[in-house]
Amino acid sequence: MPLDGIVLSSVVHELSTSLTGGRVDKVQQPEPDEILLAVRCKGQNYKLLLTTNANSPRIHLTALSKSNPDQAPMFCMLLRKHLGGGRIKDIIQPAYERIVEIHVESPNEMGDMSIKRLIIEIMGKHSNIMLVDATGMIMDSIRHIPEELSSVREIMPGRSYILPPSQGKVSPTPIDSNYFMSLFEFKKEEPNPNKGKKAQQIIYQSYNGISPVMGSEICLRANVSPDSFGEALESLDCSHLLSEFTSLYSDIENKIYHCHMYEENNKIGKSKRDISAVPMTLYSSWTKSELYDSPSKMLEFFYKKQDSSYRLSQKTADLRKLITMHIERCRRKTQIYEETLYEIENRDQLKHYGELITSYIYNIPAGADRVKLPDFYSDGQEIEISLDPTLSPSDNAQYYFKRYNKAKRTFAALQEQIETNKNELAYLDSVLACIGTVTDETDIDDIRTELVEEGFLKKKQQKGKGKKGLAKQKSKPLQYLSAEGFSIYVGKNNTQNDELTLRFARENDIWLHTKDIAGSHVIIQGNGKDIPEATIIEGAMLAAYYSKGRQSSQVPVNYTKKKHVRKPKGSKPGFVIYDNHKTLYVTPSEEPLYTQT
């Protein structure tokens, strides 16, 4: 349901209460699709986040701090010029649309005070942030939409700002009872465009800011099945729907909000979440419901992990592409090697043919294209051998010996190439798994550095070196505390895996890794104590979570004492061999069993 018009109305109420009259102290653009305003109001400092991230566009107060690019984008510079030092006069949401306007009073070029509107439109991949002057002209936007992309509504500097098309929807307030009831009137003489639609469809497709989920919620509150077709409803059902619709928006108009996050866990430990600014009958059976005293806190918690994953996914896209390309190359090599092995699998037969021709050379007539000779390896049974009639019997024997020697050399070379290719493929799989577990940009820098050192990435392509004169910060392994108080460490890349296993871990610490699946090295630190089985199981669940088996259940995890783990000389980062191990089968999990320290 995030972020529908009802949740957004609760955010607007919070922003109006907290920020109206405040001064815009600072404007930042930490990401290409994100604006951060620092506002000072009534002796308090606030940070307001506006983002058009296609996966999670939103606006709310935030406690997060973000680093800025070395050079501010042009849109950020424009906002600083026109909003910096300005006073927030009003924050509105037009007709419960997913649009928020922040009205800021600041001097114009002539020094006169004027109102400018910072507008965010929350519309999925079409979301945008615009600065509009007092005349309604767009001064600039975070995304330009020229006429070639949209003939309906152009968003470019110098164009007039107009609201997005309504798609036939109306504002839910003030409530028009006659209009609501007309949505469910189906008369033969008067065609109704809602014919064939379900009750929840009719509601959310008729009013601004109502999501399909909220349409179903209104139906459930009225004891009407959301899947009931409109024409099948009795007049009493429609009256109940109107009553619940009116009750819902009466609370919203009176600013009565109850911000909840709902969570439902499934059988393999995965969960789904949703948020709402009103209590949800729809989620009454879900396993967890948490009430927040602020819609901004609710949104920040809800989007924090999702937004971070999206950002990191964007910033690792080139690495994923590079690694995937090398993996595909290794797989093509594997196929070629297998085909070649198949072609030379009868190489010993070539040698045998040469030996037979040599043994019976005087019985073979010149110019023969084939000959049958007694096979002294099979009790004299005859074997037919093809010959080149242009060659002498001696030369035919040498021909078979040459083919045999070539196949033998090919086989020997292939063994080394297959092993090298197998190790490279395992290494690349491990890097791909590491990319999936990065938690910040420092982790990405470490993986880039590793790929440079291993020759998969050119040095000039390396990013994230840090500012001039500052040493590049190294990322640290993840650290967790088990239920029984033992520290559990998880490597986030192959360099960390080697560091943890070979230098950090002590002889009797427990080492864990998924069996035949790329993933992180996990160390349970014993500090001279016996590590209980329950903690080993927790460590195994982390090892499975930080591996390519994260989305599976019953993932095999091997564990042993660190003293049984060794690194072969010259092997790639993260590669080790081990023995004296046992195997656990676990379902991957990071939460809620652990407290990260």
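This passage describes the strands, cores and one helix of a predicted model. Residues are numbered from 1 along each chain as its sequence is written, and side-chain values use heavy atoms, with hydrogens and water left out. Because the model is predicted, local features need pLDDT of at least 70 and side-chain atom pairs count only at pLDDT 80 or more, while totals for chains, interfaces and linings use all residues.

Strands and helices were taken from DSSP runs, numbered from the N terminus (helices: H or I, at least four residues; strands: E, at least two). Two strands were treated as paired if DSSP finds at least two bridges between them. Strand β2 (residues 34-41) runs antiparallel to β3, and eight bridges join them. Within this pair, V39 has Y46 of β3 as its bridge partner. The two strands form a hairpin with two residues between them. K42, in the turn, has a positive phi of about 55°. Strand β3 also pairs with β4, again in the antiparallel sense, over four bridges. Here L48 stands opposite L61 in β4. Six residues make the hairpin connection from β3 to β4.

S56 lies in the loop between β3 (44-51) and β4 (58-61). The residue is buried (under 20% relative accessible area; exposed is over 50%, partly exposed in between; 1.4 Å probe, protein chains only). Its relative accessible area is 1%. Contact means heavy atoms within 4.5 Å. By this criterion S56 touches T51, Y303, Q306 and D307, not counting residues up to four places away in sequence.

A nonpolar core is a set of buried Ala, Val, Leu, Ile, Met, Phe, Trp, Tyr and Cys residues joined through side-chain atoms within 4.5 Å. The largest such core holds 72 residues. I35, L48, L50, I59, I102, F184 and L241 touch the most other members. Leaving aside residues up to four places away in sequence, the contacts of I35 include L48, L49, L50, F75, L79, I129 and I142. Another core, of 23 residues, lies apart from the one containing I35; F486, L512, L542 and V555 are among its members. In soluble globular proteins, nonpolar side chains tend to be buried together.

Helix α11 (residues 441-453) has 13 residues. The expected span, 1.5 Å times one less than the number of residues, is 18 Å for α11, and its end C-alpha atoms are 19 Å apart, which agrees. Of the 13 residues, 10 are buried, so α11 is largely enclosed by the rest of the structure. The buried residues include T442, D443, D445, R448 and E450, together with I444, I447 and L451. Just after α11, G455 takes a positive phi of about 85°.
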